[in-house]
2 protein chains.
Amino acid sequence: MPVFEKKEYKKRLKKVKEKMDRDGIEVLLASHPANLNYLTGYDGWSFYVHQGVLVFLDREEPIWFGREQDSNGARLTTWLKEENIRGYQDDYVQSLTKHPMDYMSDILKELGYEDCYLGVEMDNYYFTPRCLNSIKNNLNQVKIKDANQLVPLVRQIKSSQELKYMHMAAEIVEKTMQKAIDIIEPGVREGDAAAEVFKAQISGTKEFTGDYTAIAPIMPSAERTSTAHLTWTDRKYQKGDVVLLELAGSKNKYHAPLSRTVYIGNVPEDLAEISKVVVDGLNKTLAFIKPGITCEEVEEKWRESISGSKVVKESRVGYAYGLNYPPDWGEHTASLRPGDKTILQPGMTFHFMPGIWLDKFGFECSEPFVVTENGCETFVDFPRKLFVK
Amino acid sequence: MPVFEKKEYKKRLKKVKEKMDRDGIEVLLASHPANLNYLTGYDGWSFYVHQGVLVFLDREEPIWFGREQDSNGARLTTWLKEENIRGYQDDYVQSLTKHPMDYMSDILKELGYEDCYLGVEMDNYYFTPRCLNSIKNNLNQVKIKDANQLVPLVRQIKSSQELKYMHMAAEIVEKTMQKAIDIIEPGVREGDAAAEVFKAQISGTKEFTGDYTAIAPIMPSAERTSTAHLTWTDRKYQKGDVVLLELAGSKNKYHAPLSRTVYIGNVPEDLAEISKVVVDGLNKTLAFIKPGITCEEVEEKWRESISGSKVVKESRVGYAYGLNYPPDWGEHTASLRPGDKTILQPGMTFHFMPGIWLDKFGFECSEPFVVTENGCETFVDFPRKLFVK
């Protein structure tokens, strides 16, 4: 039932254990749903309660633990043996007196790891200060280490099967973006355009359907394009609107994000100019990317490409992405920005996203790409330009 | 631009400050996006980076802080004055050396609160151990208090305008559920049914469109109904399938969740019996609910209603819900289960959700309701039964 062969999970586990060994971690508590999926195949919208996967340096299989009512989900979606699926009773859920990490600590005690070096994820959405306090209270001999980036750094380099899913996601986002551009017209409600976007994302293609994406469609219009991350409203599009579209396709939770911009009416000169500069900078930067250069060099190339123009871009121009769950498809490892010395390697995947948000409107044109042996390859085939309706 | 009048936000703030005062908290750092929205109106899919709202006992307005590129979003969606919107530079984002909570601490220092009693949310998705460490390192005089439930407990009792949005969400979920039941047929891919569900959720009604829901549509079929929280696959429905539908409508991020079950073919006796017992228990329990009783008494009534039947339900049968963002529409305060002594009060809203997950299949039939002066009122008008196709 997992979407990769067992040997692929084993390979991942081997890399994670090597990294644990290097970092002096004997047991890793993975709590981010993308890390759970990556290591075991586990896939369910159960991450609103505490759950996790324990990886032991000296035990072959990890242990999944979660809410008892989700344990059949672990049986159905992971490659783990029955003995390594542990469900906690429901009175641990959102209780003021008990905590799921008490249950996790009991597993470590039972197996004799009460004084181990334990890696935990200190800055993700799914591991809270109360989780950490529970562990410290239950296992006062345990030595805590921050392993926030341990699994995400292994996730950075994609296998051919992972890239296959990302190409499927790309097929979905091409259809989705086209649908969005087609439907945007004066008089149409933003929400009705968003509804068609969702439908296209999930119905996918004739061969396969799509999954929910880790970020909802970002598609503001008019003044609301002056900022990142607004979704849609009941507002009807009007002549003179800029519409931003930051959409994605997803297959087996592997993403293909893509941004484009639509203008309704006669394009104002400043927007035309900005779009030309950004698309030109995007093309030049993509042509420059190859293994061996650093993330900050990519950003520098971008900055150089747009220098002399009116475009100013203060925020990072891209980030590593791939397998993920809400609220973000980014991997939270490498960013294309000054100071990031991550060296590009074949199989790394990035969303190059030079979004521009000015006082009154914005412009976006992005490309997801994979670093190849000689350069990079974009996943999506979609015109790079300002779309005019 | 916020979806409530300013005076409603002021009322909420007054209640929150009274609670802060009672709990000995001088400054509250709210980090859960639902709490940000509740206090200021802030609405954007920016919660994948750290952000927050600071409420001060002795300052009138709260301060919103977040990523600079989202600060126009705060200008557009909140009622706050310009001076109370603070954007941090992009190099704070997912950095190993800087942290957005360093920036937050600087605000507290600047305003003279470096030794205050600071309330933080110790067990939600959006405040991590690293957030807490950053605060402790920057403000070593500050006294930390757990305020995880402070705002959620104020959110429990809904105003008439909030209930209006929840009724709008209910209208949406009625249409959405009908659409799902209509489309499920042998040979249809689960993903194509999910696509129609999303479209119905977002396109809403003629009068208003819908928002994204805090949980994706849960709609497994066949053996995958033996567990909670699975979504959909490429699988085609077949004769003999049970299909679970846990869907919601959302307006302005106020929800109406609803569960129903579909069977394709001639209903097996055990499923028919379970559905009868559950629907009967649901009806009896709803008739029993009124202000003044406790959450555990509601669960007890449910358990009494199904006693003598084959139905066993180990997990809680419902929870407080309302305004929320991914990954959960639940409020994480009251649960309908043994030990929960929360007293029902008019305006509290619950999802009564007696989901049954057996070894080979499951059954769900739920109702969201609001406690009224004399009893309770369900939001949704949809037949309570097993649907047969």
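How many bridges join S7(B) and strand S8 of chain B, and in which sense do the two strands pair? Keep that in mind, everyone, while I set the scene. What we have here is a predicted model, so please hear everything I say in that light.

Now, back to our two strands. S7(B) and S8(B), which covers residues 254-263, pair over 10 bridges, and they do so in the antiparallel sense. If you want one spot to look at, find B:Lys251: opposite this residue, in S8(B), stands B:Tyr254.

These strands belong to an open sheet of three, ordered S7-S8-S16 in chain B, with mixed pairing. At the edges are strand S7 (242-251) and strand S16 (386-388) of chain B, each of which pairs on one side only. Going from one strand to the next, the twist averages 35°.

Something lies across this sheet, too. Helix H9 of chain B, residues 269-288, lies across S7, S8 and S16, and runs at about 140° to S16(B).

Let's hop over to chain A and look at helix H9 there. H9(A), residues 269-288, packs against helix H10 (residues 295-306) of chain A; their axes are 9 Å apart and the angle is about 140°. Angles over 145 degrees would count as roughly antiparallel, so H9(A) and H10(A) are oblique to each other. Their crossing is right-handed. Among the residues making the contact are A:Val277 and A:Phe288 from H9(A), and A:Trp302 and A:Ile306 from H10(A). By class, the residues of this contact are five nonpolar, three polar and three charged.

Finally, how do the two chains relate? A turn of 180°, with a shift of 0.0 Å along the axis, lays chain A on chain B with an RMSD of 0.0 Å. That is the relation of a two-fold axis.

And where do they meet? In chain A, 57 residues are in contact with 58 residues of chain B. The elements giving two or more residues to this side of chain A are helix H3 (68-77), helix H5 (129-138), helix H8 (190-203) and strand S10 (330-335). H8(A) provides the largest share, eight residues. Sorted by class, the side of chain A that touches chain B has 25 nonpolar, 20 polar and 12 charged residues.

One last point on this interface: 100% of the interface residues of chain A are also interface residues in chain B, so the copies meet through the same surface. Thanks for listening!

Note on methods
Residues numbered from 1 in each chain as written. Chains lettered and ligands numbered in written order. Predicted model: local features only at pLDDT ≥ 70, side-chain atom pairs only at ≥ 80, totals over all residues. Least-squares fit on C-alpha atoms with pLDDT ≥ 70 in both. Contact = placed C-beta atoms within 7 Å. Helix = DSSP H or I, 4+ residues; strand = E, 2+ residues; numbered from the N terminus. Nonpolar A, V, L, I, M, F, W, Y, C, P; charged D, E, K, R; others polar. Pairing = 2+ DSSP bridges. Axes fitted to C-alpha atoms, helices over the stretch in contact; angles between N-to-C directions. Parallel < 35°, antiparallel > 145°, perpendicular 65-115°, else oblique. Left-handed = near helix turned anticlockwise from the far one by under 90°.
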